[in-house]
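Morning, everyone. I have one structure to walk through today, and I will keep it brisk. Please have the viewer open.

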Amino acid sequence: MRHKLTEEQNILLDSAARLALSLSGQDVPKAIALLRRRLRSLSKPQPHITADRLRERVTYDPDTGEFRWLLARKDRVGEIAGVVSRSGYRRIKIDDVEYYAHRLAVLYLTGLVPEGVVDHRDGCPDNNAWSNLRVTTQSLNMANAR
């Protein structure tokens, strides 16, 4: 029986493959240590944020895919929320928990935590415009991989 990987585990494997291709034998121990730290962080249970709490903290523009801070330090209110990780995905920290922006977009607009994988139709992991996102299965997501 095959073990079903989570979306985050698949993203990690994708990152590992890209990293391995780019290294060509350079600094491999450092890359392995980085991936091990990331895998440990993925094994921790992640609490789910509610749609109401999300909407208290950020706004989401479905046309641009941008999240902006509503409730943050004064110098950050109105700024684009989150950071883009090395793998290209935007991550937003709310209440000391990091979330993928594409998953938050689904929660923000539907009020539901996405059950499946949230796919970027154009393959660009930081394009979180609503028209570019779809909830799908892992196999369909891999068919969209470039």
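**Aromatic cluster first**

Let's start inside. Tyr60 and Phe67 are both buried. Keep in mind that this is a predicted model.

How do the rings of Tyr60 and Phe67 sit relative to each other? They form a tilted aromatic pair, at 4.7 Å centre to centre, with 35 degrees between the planes. Phe67 has another partner, Tyr108. That pair is edge-to-face: 6.3 Å centre to centre, 85 degrees between the planes. Phe67 belongs to strand S2, residues 66-69, and Tyr108 to helix H4, so the pair ties together parts that are 41 residues apart in sequence. Phe67 and Tyr108 are both buried. Put together, Tyr60, Phe67 and Tyr108 make one aromatic cluster. Across the whole structure, the search finds four aromatic pairs.

**The chain overall**

Now zoom out. The chain has five helices and seven strands. From the N terminus on, the order is α-α-α-β-β-β-β-β-α-β-β-α.

Some totals. Of the 146 residues in the chain, 33% are buried. The chain exposes about 9,500 Å², and carbon and sulfur atoms supply 55% of that area. Next, contacts. Take those with a separation of 6 or more: residues 24 or more positions apart account for 45% of them.

**Helix H4**

Back to the helix that carries Tyr108. H4 covers residues 101-110 and lies across S4 and S5. Against S5, H4 runs at about 80 degrees.

Why do we call H4 largely enclosed by the rest of the structure? Because seven of its ten residues are buried. The buried ones are Ala101, His102, Leu104, Ala105, Val106, Leu107 and Tyr108. For this count, buried means under 20% relative accessible area. After H4 comes Gly111, with a positive phi near 80 degrees.

**The sheet under H4**

H4 lies across two strands, S4 and S5. Which sheet holds them? An open sheet of three strands, ordered S3-S4-S5, with antiparallel pairing. The edge strands are S3, residues 83-84, and S5, residues 97-100, and each pairs on one side only. S4 spans residues 90-94 and pairs with S3 in the antiparallel sense over two bridges. To find the register, select Val83: its bridge partner in S4 is Arg91.

**The loop between S4 and S5**

Now the backbone. Most residues other than glycine have a negative phi. Which sign does phi take at Asp95? Positive, near 55 degrees. Asp96 also has a positive phi, near 65 degrees. Asp95 sits in the loop between S4 and S5, and Asp96 is in that loop too.

Their exposure is worth checking. Asp95 has a relative accessible area of 41%. The exposed class starts over 50% and the buried class ends under 20%, so a residue in between is partly exposed. Asp95 is therefore partly exposed. Asp96, at 71% relative accessibility, counts as exposed.

**Arg57**

Asp95 brings us to an arginine, because the two are in contact. Arg57 lies in helix H3, residues 51-57. Is Arg57 buried or exposed? Buried, with a relative accessible area of 13%.

What does Arg57 touch? Leaving out residues up to four places away in sequence, Arg57 touches Arg68, Trp69, Leu70, Leu71, Ile94 and Asp95. With Leu71 there is a polar approach as well: the backbone oxygen of Leu71 lies 3.1 Å from a polar atom of the Arg57 side chain.

**Strands S6 and S7**

Last stop. S6 covers residues 117-120, and S7 covers residues 133-136. S6 and S7 pair in the antiparallel sense over four bridges. Val117 has Thr136 as its bridge partner in S7.

In a regular strand, side chains alternate between the two faces of the sheet. How do the side chains of S6 point? Val117 and Asp119 go one way, Val118 and His120 the other way. All of these are buried.

**Wrap-up**

Three things to look at again. One: the cluster of Tyr60, Phe67 and Tyr108. Two: H4, lying across S4 and S5. Three: buried Arg57, at 13% relative accessible area. That's it from me.

Methods
Residues numbered from 1 in each chain as written. Predicted model: local features only at pLDDT ≥ 70, side-chain atom pairs only at ≥ 80, totals over all residues. Heavy atoms only, no water. Buried < 20%, exposed > 50% of the residue type's maximum accessible area, 1.4 Å probe, protein only. Polar contact = N/O pair within 3.5 Å; in protein donor to acceptor, adjacent residues only side chain to side chain. Contact = heavy atoms within 4.5 Å. Pairing = 2+ DSSP bridges. Axes fitted to C-alpha atoms, helices over the stretch in contact; angles between N-to-C directions. Areas by Shrake-Rupley, 256 points an atom, 1.4 Å probe, with all protein chains shown as cover. Phe/Tyr/Trp six-rings, centres within 6.5 Å; stacked < 30°, edge-to-face > 60°.
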